[in-house]
Amino acid sequence: MLEQVFREEWGRVLASLVGFLGDIELAEDAVQEAFATAAERWPRTGPPPNPTGWLITTARNRAIDRIRRERTLAAKTEQLERELRDRPEEEAMDETATFPDERLELIFTCCHPALALDAQVGLTLRTLGGLSTEEIARAFLVPFETMSKRLTRAKHKIRDAGIPFAVPPDHLLPERLDAVLAVVYLIFNEGWGDGRIDLSAEAIRLGRSLIELMPDEAEAHALLALMLINHARSAARFHGGELVLLDDQDRSLWDQHQIEEGRELLGRALALHGIGPYIIQAAIADLHLGQPRDWAEIALLYQRLEDISGSPVVAMNRAIAVAELEGPLAGLALLDGLELDDYRYYHSTRADLLRRLGRADEARAAYARALDLTQPGPEQRFLKSRLADLS
């Protein structure tokens, strides 16, 4: 019971405390104390009628107790005590009261443009996803101490710079929403290839929170659609710990419920008259499930996406579709005009096209470069097997 509440309600409880206190670190400590108290009490007394309300009330009380103990925060204590005196006692202490859902404000706070992208991702995972610092550090292949310092700096910057705990005004919303969606999708992609921790599932959970809190945002629906359509193939992507390419996957292992939900969300995004990049990507992901695939439509959609984003990674994916339509030489011609030397998938894509053209020496060099950029795991073993096939 408590574990489920933790996974489902951590973000909401923490968001409520951050909105109340204006300090992520203090709120996080208080929420951790509240969950620890629940772990001690609930097995004996049973869960309360409103577990989330109980946790928020308990966390608030713990935070107030801590502030009272710290003389350096005396002014803040007086402010909080005045607020408590101004509201009825039963409202302040009622564990069954309905609390506002402030997760949206917390997402926008974590994704403020004043923070570096890696800090945005890490802080979003910590605050909304409830992942531990150790889990986040392991997911991003950095030492625990490095990630801990990174998160601490981000929290202090929010506090010291007075970054508001609020959804930005309408004229700033498109820019900030783009950052929020980009962070959630980056989290999804970090978990997509490694299997060390299910970051993809965490990103989907955050995506569900976004559409719950922003039901009229077409791109939020499209992002969740994109993630679900891709995640539906998770069980088929690996066999015996080894990577399985899309064409070789056992389709009976695909999660049809997730695919249908993704398609419904894509339809909803289109009904909201969305024309953004996540709608295009979700449509491409859906087309990739077809058999045979409609490479002409995929190439066309990648062209539209490239026109919107100007991304060389999108251009690389269009080159793959062109190679399927016009042959590997046509795809290679597009690839060779891109500046993606530090992107492992660029080199593995070039290697595959060169292999298909019979240019074994060049293919080996490209596979070797891709290997240099790939962390140990299934993808690296796959590349090694391809390289060995050319020997």
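Here is a walk through this predicted model, from the whole chain down to a few helix pairs and single residues.

Let's start with the chain as a whole. Its 391 residues are 49% buried, and the secondary structure consists of 20 helices and two strands. If you take the contacts between residues at least 6 apart in sequence, 63% of them join residues at least 24 apart. The accessible surface adds up to about 18800 Å², and carbon and sulfur atoms own 51% of that.

Now zoom in on helix 12, which covers residues 218-231 and holds Met-227. Is Met-227 buried or exposed? Its relative accessible area is 0%, and since anything under 20% counts as buried, Met-227 is buried. What does Met-227 touch, once residues up to four places away in sequence are set aside? The list is Val-184, Tyr-185, Phe-188, Ala-203, Ile-204 and Gly-207. For a backbone view of that neighbourhood, look at Asn-189: this residue is 38 places from Met-227 along the chain, yet the two C-alpha atoms are separated by 9.0 Å.

Helix 12 also has a packing partner, helix 14, which spans residues 277-287. A pair of packed helices is described by the angle between the axes and the distance between them. For helix 12 and helix 14, the axes come within 8 Å and cross at roughly 25°. Angles under 35 degrees count as roughly parallel, so that is the label for helix 12 and helix 14. Their crossing is left-handed. On the helix 12 side, the residues that meet helix 14 include Ala-218, Ala-222, Leu-226 and Ile-229; on the helix 14 side, Tyr-278, Ile-279, Ala-282 and Ala-285 are among those taking part. By class, this contact has 11 nonpolar, two polar and two charged residues. Glu-219 in helix 12 and Asp-286 in helix 14 are also part of the contact.

Before following helix 14 onward, take a look at the loop that leads into it. His-273 sits in the loop between helix 13 (256-271) and helix 14. Most residues other than glycine have a negative phi, and most peptide bonds are trans. His-273 goes the other way on phi, with a positive value near 65°. Is His-273 buried or exposed? Its relative accessibility is 69%, and because the cut-off for exposed is over 50%, His-273 counts as exposed.

On the far side of helix 14 comes another backbone feature to check. The loop between helix 14 and helix 15 (295-309) contains Pro-292. The peptide bond joining Gln-291 and Pro-292 is cis, with omega at about 0°.

Helix 14 and helix 15 themselves pack with their axes 10 Å apart, at an angle of about 160°. How are they oriented to each other? Angles over 145 degrees count as roughly antiparallel, so helix 14 and helix 15 are roughly antiparallel. Helix 14 passes helix 15 in a left-handed crossing. From helix 14, Ile-280, Ala-283, Ile-284 and Leu-287 are among the residues that meet helix 15, where the partners include Ile-298, Leu-301, Leu-305 and Ile-308. The residues here divide into 10 nonpolar, one polar and two charged. Pro-277 and Gln-281 are worth a click: both take part in the contact with helix 12, and both also take part in the contact with helix 15.

The last stop is helix 16, residues 312-326, where you will find Val-313. With a relative accessible area of 25%, Val-313 is partly exposed, because that value falls between the 20% and 50% cut-offs. Leaving aside neighbours within four places in sequence, Val-313 is in contact with Leu-340 and Tyr-343. The C-alpha atom of Val-313 is 9.8 Å from that of Leu-335, 22 residues away along the chain.

Leu-335 belongs to helix 17 (residues 328-335). Helix 16 and helix 17 have their axes 6 Å apart and pack at about 160°, so they are roughly antiparallel to each other. Their crossing is right-handed. Met-316, Ala-319, Val-322 and Ala-323 are among the helix 16 residues involved, and they are joined in the contact by helix 17 residues including Pro-328, Ala-330 and Leu-334. The contact of helix 16 with helix 17 splits into eight nonpolar, one polar and two charged residues.

Methods: Residues numbered from 1 in each chain as written. Predicted model: local features only at pLDDT ≥ 70, side-chain atom pairs only at ≥ 80, totals over all residues. Heavy atoms only, no water. Helix = DSSP H or I, 4+ residues; strand = E, 2+ residues; numbered from the N terminus. Buried < 20%, exposed > 50% of the residue type's maximum accessible area, 1.4 Å probe, protein only. Contact = heavy atoms within 4.5 Å. Areas by Shrake-Rupley, 256 points an atom, 1.4 Å probe, with all protein chains shown as cover. Axes fitted to C-alpha atoms, helices over the stretch in contact; angles between N-to-C directions. Parallel < 35°, antiparallel > 145°, perpendicular 65-115°, else oblique. Left-handed = near helix turned anticlockwise from the far one by under 90°. Nonpolar A, V, L, I, M, F, W, Y, C, P; charged D, E, K, R; others polar.
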